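Thank you all for making time this morning. I would like to walk you through one structure, and I will take it slowly for anyone who is seeing it here for the first time.

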Amino acid sequence: MPIKRRTLLALAPALITGGSLLSGRAMAEAADPRLSIRAVGNPQARVRVEEWFSLTCTHCARFAAEIFPEVRSRLIDTGKVYYIFRDFPLDQVALTASMVARSLPPERYEPFVLALLSSQDHWAFGKTPEESQEEIRKMAALAGMSSDVFQQTIHDDTLRHAIMDEEDRAQAQYKIDGTPTFRFNDKEQVAQELTYAEFARKVEAASN
């Protein structure tokens, strides 16, 4: 079932504070670097792949651990694919983690996201939201984020709404309703995990 922005807001009343509210588009126009594209590979590659993912999605975690390394080495690093990460948080814990990831320097985004996905059992499940938040803070500290910046980030209502606005846009424009969802050059959309062979075939088809 799609998770709407209002649902996320209802799930996380304790984390929401008052403040100015800007749409994702308005924030982008204001050149907020946190909303810039997070991607790896050559922007001029023939194939552009977008992945909508949630940091608390176990399917996303399995893809990141088992398939993405080969995608990275054989398709991205070789210049065949430009790979774009799209936030689609499914719950308040994933939303908090996404906010923190986007507030790190862009070059630290991919390593931090992959570290979160590979350690979901440690921070995402079987804990209270406060405990999960503390585990995310510890990982963010290892990535160079101070405690003060972390607190500012997780209480940044503008960033929170910008991420959820983009999620709403993806739901409206592309009918995204689950994670992971992949789009290949706007030619094909796949809402499921893929093996490397399946992924590579989609890339080949999109390049023609």
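I will begin with the overall make-up, then turn to the aromatic rings, a pair of helices, a few individual side chains, and finally some details of the backbone.

Before anything else, please keep in mind that what you have in front of you is a predicted model. The chain has 208 residues, of which 49% count as buried, and its secondary structure comprises 11 helices and five strands. If we take the contacts between residues with a separation of 6 or more, 76% of them are made by residues that stand 24 or more positions apart.

Let me turn to the aromatic rings. There are 12 aromatic pairs in the structure, and I would like to show you two of them. In one, Phe53 and Phe85 sit edge-to-face, with 6.1 Å from centre to centre and 75° between the planes. Phe53 belongs to strand 2, residues 47-53, and Phe85 to strand 3, residues 81-87, so this pair ties together parts of the chain that are 32 residues apart in sequence. Both Phe53 and Phe85 are buried.

The other pair is Phe68 with Tyr83, where the ring centres are 5.1 Å apart and the planes stand at 65°, which is over the 60 degrees required, so this pair too is edge-to-face. Here the link runs between helix 4, residues 68-76, which holds Phe68, and strand 3, which holds Tyr83, and the two residues are 15 apart. Phe68 has a relative accessible area of 4% and is therefore buried, while Tyr83, at 0%, counts as buried as well. These four residues are among the members of one aromatic cluster, which also takes in Phe63, Tyr109, Phe182, Phe184 and Phe199.

Phe199 brings us to the helices, since it is one of the residues through which helix 11 meets helix 4. When two helices pack, we describe them by the angle between their axes and the distance between those axes. For helix 4 and helix 11, the latter being residues 196-207, the axes come within 10 Å and cross at roughly 35°, and the crossing is right-handed. On the helix 4 side, the contact is made by Glu70, Val71, Arg74 and Leu75, and on the helix 11 side by Tyr196, Phe199, Ala200 and Val203. By character, six of these residues are nonpolar, two are charged and none is polar.

Just after helix 4 comes a residue worth a look, Thr78, which is placed in the loop between helix 4 and strand 3. With a relative accessible area of 47%, Thr78 is partly exposed. Its side chain reaches back to the backbone oxygen of Arg74 at 2.7 Å, and a polar atom of that side chain also lies 3.4 Å from the backbone oxygen of Leu75.

What does the side chain of Arg102 make a polar contact with? Arg102 is found in helix 5, residues 92-103, and it counts as buried at 7% relative accessibility, because the cut-off for buried is under 20%. The partner is the side chain of Asp87, at 2.5 Å. Leaving aside residues up to four places away in sequence, Arg102 also touches several others, including Arg34, Phe85, Tyr109 and Ile163, and two of those, Phe85 and Tyr109, you will remember from the aromatic cluster.

A second buried polar side chain is that of Gln120, in helix 7, residues 120-123, where the relative accessibility is 4%. This side chain reaches the backbone oxygen of Leu55 at 2.9 Å, and, with the same sequence neighbours left out, Gln120 touches Thr56, Cys57 and Phe125 among others.

Last, the backbone. Thr179 and Pro180 are joined by a cis peptide bond, with omega at about -5°, and Pro180 is found in the loop between helix 10 and strand 4. Lys175 lies in that loop too, and although Lys175 is not a glycine, it has a positive phi of about 60°. Lys175 is exposed, at 61% relative accessible area. Asp186, in the loop between strand 4 and strand 5, likewise has a positive phi of about 60° without being a glycine, and Asp186 is partly exposed, at 48%.

Technical notes: Residues numbered from 1 in each chain as written. Predicted model: local features only at pLDDT ≥ 70, side-chain atom pairs only at ≥ 80, totals over all residues. Heavy atoms only, no water. Phe/Tyr/Trp six-rings, centres within 6.5 Å; stacked < 30°, edge-to-face > 60°. Helix = DSSP H or I, 4+ residues; strand = E, 2+ residues; numbered from the N terminus. Buried < 20%, exposed > 50% of the residue type's maximum accessible area, 1.4 Å probe, protein only. Axes fitted to C-alpha atoms, helices over the stretch in contact; angles between N-to-C directions. Left-handed = near helix turned anticlockwise from the far one by under 90°. Contact = heavy atoms within 4.5 Å. Nonpolar A, V, L, I, M, F, W, Y, C, P; charged D, E, K, R; others polar. Polar contact = N/O pair within 3.5 Å; in protein donor to acceptor, adjacent residues only side chain to side chain.
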